[in-house]
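Here are my notes on the structure you sent over. Have it open while you go through the points.

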Amino acid sequence: MIFKYCPQCGEKLILKEIGDEGEVPYCGSCRRPFFSFSYPCVICLVTDGAGQFALIKQGYVSDRWVCVAGYVQRGETLEEAAAREVEEETGLKVKEVKYLKSYYFGRDDNLMAGFAVIAEHGDFTLSGEVDSAEWFDEKTAEELLSGGKVCNELMGEYLKAR
């Protein structure tokens, strides 16, 4: 997000040289810089730890099988967000959350923290934003995720790390 007006007082921001950062939007009234930022998100490759991977479809986002993803809520750690998103979207009980790598997703200006999430293998209880979810073996999951840049890279990181 790039600020043009102060989110505290509403004054139009000016560009001001701030140390090594260069010119930054600055509020003269509040005497505060407002650095641009990306929205923090999590993206989770869900596995049962025994070779099965849970992928979801969300028609409002894409027609592809994808990993579970979502925004980090205020006051939440990245790990808490990963567990919450998996449980909310799939209904699966999370057993372990392991950070793998971060990704920048330019289309939505998101900074995504990538996680491998081990969940109990079971039936899905889907949230209203998920159209379907299924368990896939490793080879099939790799093929299904190969069309999406971040999901594909996350799968690669998981396979490399184990």
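1. Contacts first. This is a predicted model, and if you take the contacts between residues at least 6 apart in sequence, 58% of them join residues at least 24 apart.

2. On secondary structure, I get nine strands and three helices. The order along the sequence is β-β-β-β-β-β-α-β-β-β-α-α, so you can walk through the elements with that string beside you.

3. For overall dimensions, the C-alpha trace covers about 55 × 30 × 30 Å along the principal axes. The chain has 162 residues, and 39% of them count as buried.

4. The surface: accessible area totals about 9300 Å². Carbon and sulfur atoms account for 49% of that.

5. Charges next. There are 28 negative side chains against 18 positive ones. The centres of the two sets sit 5 Å apart.

6. Now the cysteines. Why does the structure hold zero disulfides? Take Cys-6: its closest cysteine sulfur is the one in Cys-27, 3.7 Å away, and that is too far for a bond because the cut-off is 2.5 Å. Cys-6 also counts as buried, at 4% relative accessibility.

7. Cys-41 tells a similar story about bonding: the closest cysteine sulfur belongs to Cys-44 and lies 11 Å off, so no bond there either. Cys-41 is buried too, with a relative accessible area of 3%.

Methods
Residues numbered from 1 in each chain as written. Predicted model: local features only at pLDDT ≥ 70, side-chain atom pairs only at ≥ 80, totals over all residues. Heavy atoms only, no water. Helix = DSSP H or I, 4+ residues; strand = E, 2+ residues; numbered from the N terminus. Buried < 20%, exposed > 50% of the residue type's maximum accessible area, 1.4 Å probe, protein only. Contact = heavy atoms within 4.5 Å. Areas by Shrake-Rupley, 256 points an atom, 1.4 Å probe, with all protein chains shown as cover. Lys, Arg positive; Asp, Glu negative; His and termini not counted. Charge placed at Lys NZ, Arg CZ, Asp CG, Glu CD.
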